[in-house]
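User: Please take a close look at the central part of the sheet in this model and at what surrounds it. I would like one connected account that sets this part within the whole chain.

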Amino acid sequence: NKPACVFAYPFGRYNDAVIAMVKGAGFEGAVTVNGLNDGYLFRRDQSYTLIRYAIEGGDNLQEIARVKGFGS
């Protein structure tokens, strides 16, 4: 019974107008998908363009960590 405070852009796509709507709706931040959104970059306020990685149900966590450069 807690309100959502972070928005996930559908398919990771956003632009300045969408970010303004998300802020206006009261969200504290938003996430996008790394590598999507046709190369559009918005970095003045990163709390509304936090990068996330798409992970499918059958993905292997060790392989994801290796490919994305997480860990050692």
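Analyst: Read from the N terminus, the chain of this predicted model follows the pattern β-α-β-β-α, which comes to 2 helices and 3 strands. Buried residues account for 21% of the 72 residues, and the chain exposes about 5,400 Å², of which carbon and sulfur atoms supply 55%. Of the contacts between residues at least 6 apart in sequence, 32% join residues at least 24 apart.

The 3 strands form an open sheet in the order β1-β2-β3, with parallel pairing. The edges are taken by β1 (6–8) and β3 (50–52), each of which has a single partner strand, so one side of each is left without a neighbour in the sheet. Neighbouring strands of this sheet are turned against each other by 35° on average, with direction ignored. In general, the strands of a sheet pair through backbone hydrogen bonds, and they do so in either a parallel or an antiparallel way.

The part to examine closely is β2, which covers residues 29–33 and is joined to β1 by 3 bridges, the two strands running parallel. Within this pairing, V31 of β2 is the bridge partner of A8. As for burial, 5 of the 5 residues of β2 are buried, so this strand is largely enclosed by the rest of the structure. The residues of β2 are divided by direction: G29, V31 and V33 point one way, while A30 and T32 point the other way, and all are buried.

T32, which lies in strand β2, deserves separate attention. With a relative accessible area of 2%, T32 counts as buried because this value falls under the 20% cut-off. Its contacts, leaving aside neighbours within four places in sequence, are with Y9, G12, R13, Y14, T49, L50, I51 and R52. Since β3 spans residues 50–52, the contacts of T32 with L50, I51 and R52 are contacts with that edge strand. There is also a polar contact, in which the side chain of T32 reaches the backbone oxygen of G12 at a distance of 2.4 Å.

One of the residues in contact with T32 is R13, which is placed in the loop between β1 and α1 (16–24). R13 is partly exposed, with a relative accessible area of 43%, whereas T32 is buried. R13 can also be related to another residue of β2, namely V33: the two are 20 residues apart in sequence, and their C-alpha atoms are 7.9 Å apart in space.

The loop between β1 and α1 also holds F11, whose relative accessible area of 72% makes this residue exposed. F11 has a positive phi of about 60° although it is not a glycine. As general background, most residues other than glycine have a negative phi.

The aromatic residues add a further element to this picture. A search of the whole structure finds 3 aromatic pairs, and ring pairs link F7, Y9, Y14 and F27 into a cluster. Two members of that cluster, Y9 and Y14, are also among the residues in contact with T32. In general terms, a pair of aromatic rings is described by the distance of the centres and the angle of the planes.

Moving outwards from β2, the segment before β1 includes A4, which is exposed, with a relative accessible area of 60%. A4 is 22 residues from G26 in sequence, while in space the two are 9.6 Å apart, C-alpha to C-alpha.

On the other side of the sheet order, the loop between β3 and α2 contains D59. D59 is partly exposed, with a relative accessible area of 34%, and this residue touches A54 and I64, not counting residues up to four places away in sequence. Helix α2 spans residues 61–68, and its N-terminal end is capped by N60, a side-chain oxygen of which lies 2.8 Å from the backbone nitrogen of Q62. Just after α2, G69 takes a positive phi of about 80°.

Taken together, these points show β2 as a strand with 5 of 5 residues buried, standing between β1 and β3 in the sheet order, with T32 in contact with residues that include R13 and I51.

Key: Residues are numbered from 1 along each chain as its sequence is written. This is a predicted model: local features need pLDDT of at least 70, side-chain atom pairs count only at pLDDT 80 or more; totals for chains, interfaces and linings use all residues. Side-chain values use heavy atoms; hydrogens and water are left out. Two strands pair if DSSP finds at least two bridges between them. Helices (H or I, at least four residues) and strands (E, at least two) are DSSP runs, numbered from the N terminus. Axes are lines fitted to C-alpha atoms, for helices over the stretch in contact, and angles run from 0 to 180 degrees between N-to-C directions. A polar contact is a pair of N or O atoms within 3.5 Å; within protein, one must be able to donate a hydrogen and the other to accept it, and residues adjacent in sequence count only if both atoms are side-chain atoms. Rings of Phe, Tyr and Trp (its six-membered ring) pair if their centres lie within 6.5 Å; planes under 30 degrees apart count as stacked, over 60 as edge-to-face and the rest as tilted. Buried means under 20% relative accessible area, exposed over 50%, partly exposed in between (1.4 Å probe, protein chains only). Contact means heavy atoms within 4.5 Å. Accessible areas come from the Shrake-Rupley method with a 1.4 Å probe; for residues, only the protein chains shown count as cover.
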